[in-house]
Amino acid sequence: KKVLAICGVGGFMMNSQELETAVRLRLDLVIVILNDSGYGMIKWKQLGSGYQSFGLDFGNPDFV
């Protein structure tokens, strides 16, 4: 079956090494990356807990 993964850029970069497995197994996989230039879920959780955001924003490589 065709698989569609939709993920933020931070989540993708934390798991991008799994692409090797997908290529090796010849999986029919499409990945849509939502480029928000940061670790959005971690930032959201920190701000919601009253902490300052630190070290969660970054420039991105050319994902294409």
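**Exercise 1. Confidence along the chain**

In which helix of the protein chain is confidence lowest, and in which is confidence highest?

*Solution.* Begin by recalling that the structure shown is a predicted model, and that pLDDT is the predictor's confidence in each residue, on a scale from 0 to 100. Taken over the protein chain, the average pLDDT is 85, and 95% of the residues score at least 70. Turning next to the separate elements, the lowest confidence belongs to helix 1, residues 9-15, with a mean of 83, whereas the highest belongs to helix 2, at 91.

**Exercise 2. Salt bridges**

Find how many salt bridges the model has, and work out where the partners of each one lie in the chain.

*Solution.* The criterion is a side-chain nitrogen of Lys or Arg within 4 Å of a carboxyl oxygen of Asp or Glu, and by this rule the count comes to 2.

Step 1: take aspartate 28 and lysine 2, whose closest N and O atoms are 3.3 Å apart, so that the pair meets the cut-off of 4 Å. Aspartate 28 belongs to the loop between helix 2 and strand 2, while lysine 2 belongs to the segment before strand 1, so this salt bridge ties together parts that are 26 residues apart in sequence. Aspartate 28 is partly exposed, because its relative accessible area is 40%, and lysine 2 is exposed, because its value is 57%.

Step 2: take glutamate 20 and arginine 24, where the closest N and O atoms are 2.9 Å apart. Both residues lie in helix 2, and the 4 residues that separate them correspond to about one turn of the helix. Glutamate 20 is partly exposed at 44% relative accessible area, whereas arginine 24, at 51%, counts as exposed.

**Exercise 3. An unusual backbone angle**

What is the phi of arginine 26, and where in the chain does this residue lie?

*Solution.* Most residues other than glycine have a negative phi. Arginine 26, however, has a phi near 55°, which is a positive value in a residue other than glycine. Locating arginine 26 places it in the loop between helix 2 and strand 2, the strand of residues 29-34. With a relative accessibility of 78%, arginine 26 counts as exposed, since exposed means over 50%.

**Exercise 4. Positions that are distant in sequence**

Compare alanine 5 and valine 9 by stating whether each is buried or partly exposed, and give for each the C-alpha distance to a residue further along the chain.

*Solution.* Step 1: alanine 5 is found in strand 1, and its relative accessibility of 26% makes it partly exposed. The C-alpha atoms of alanine 5 and valine 30 are 6.3 Å apart, although 25 residues separate the two along the chain. Leaving aside residues up to four places away in sequence, alanine 5 touches Val30, Ile31 and Val32.

Step 2: valine 9 lies in helix 1, and it is buried, because its relative accessible area is 0%. From valine 9 to asparagine 35 the C-alpha distance is 5.2 Å, with the two residues 26 places apart in sequence.

**Exercise 5. A nonpolar surface patch**

Which residues form a nonpolar patch on the surface?

*Solution.* The members are Val3, Leu19, Leu25, Leu27 and Leu29, which together have about 410 Å² of accessible area. To examine one of them, notice that leucine 19 lies in helix 2, which spans residues 19-24. Leucine 19 counts as partly exposed because its relative accessibility is 32%, and this value passes the requirement of over 30% for patch residues.

Definitions and conventions
Residues are numbered from 1 along each chain as its sequence is written. This is a predicted model: local features need pLDDT of at least 70, side-chain atom pairs count only at pLDDT 80 or more; totals for chains, interfaces and linings use all residues. Side-chain values use heavy atoms; hydrogens and water are left out. Patches are made of residues with over 30% relative accessible area and no salt bridge: like charges are joined within 9 Å, nonpolar side chains (Val, Leu, Ile, Met, Phe, Trp, Tyr) within 5 Å. Accessible areas come from the Shrake-Rupley method with a 1.4 Å probe; for residues, only the protein chains shown count as cover. Helices (H or I, at least four residues) and strands (E, at least two) are DSSP runs, numbered from the N terminus. Buried means under 20% relative accessible area, exposed over 50%, partly exposed in between (1.4 Å probe, protein chains only). Contact means heavy atoms within 4.5 Å.
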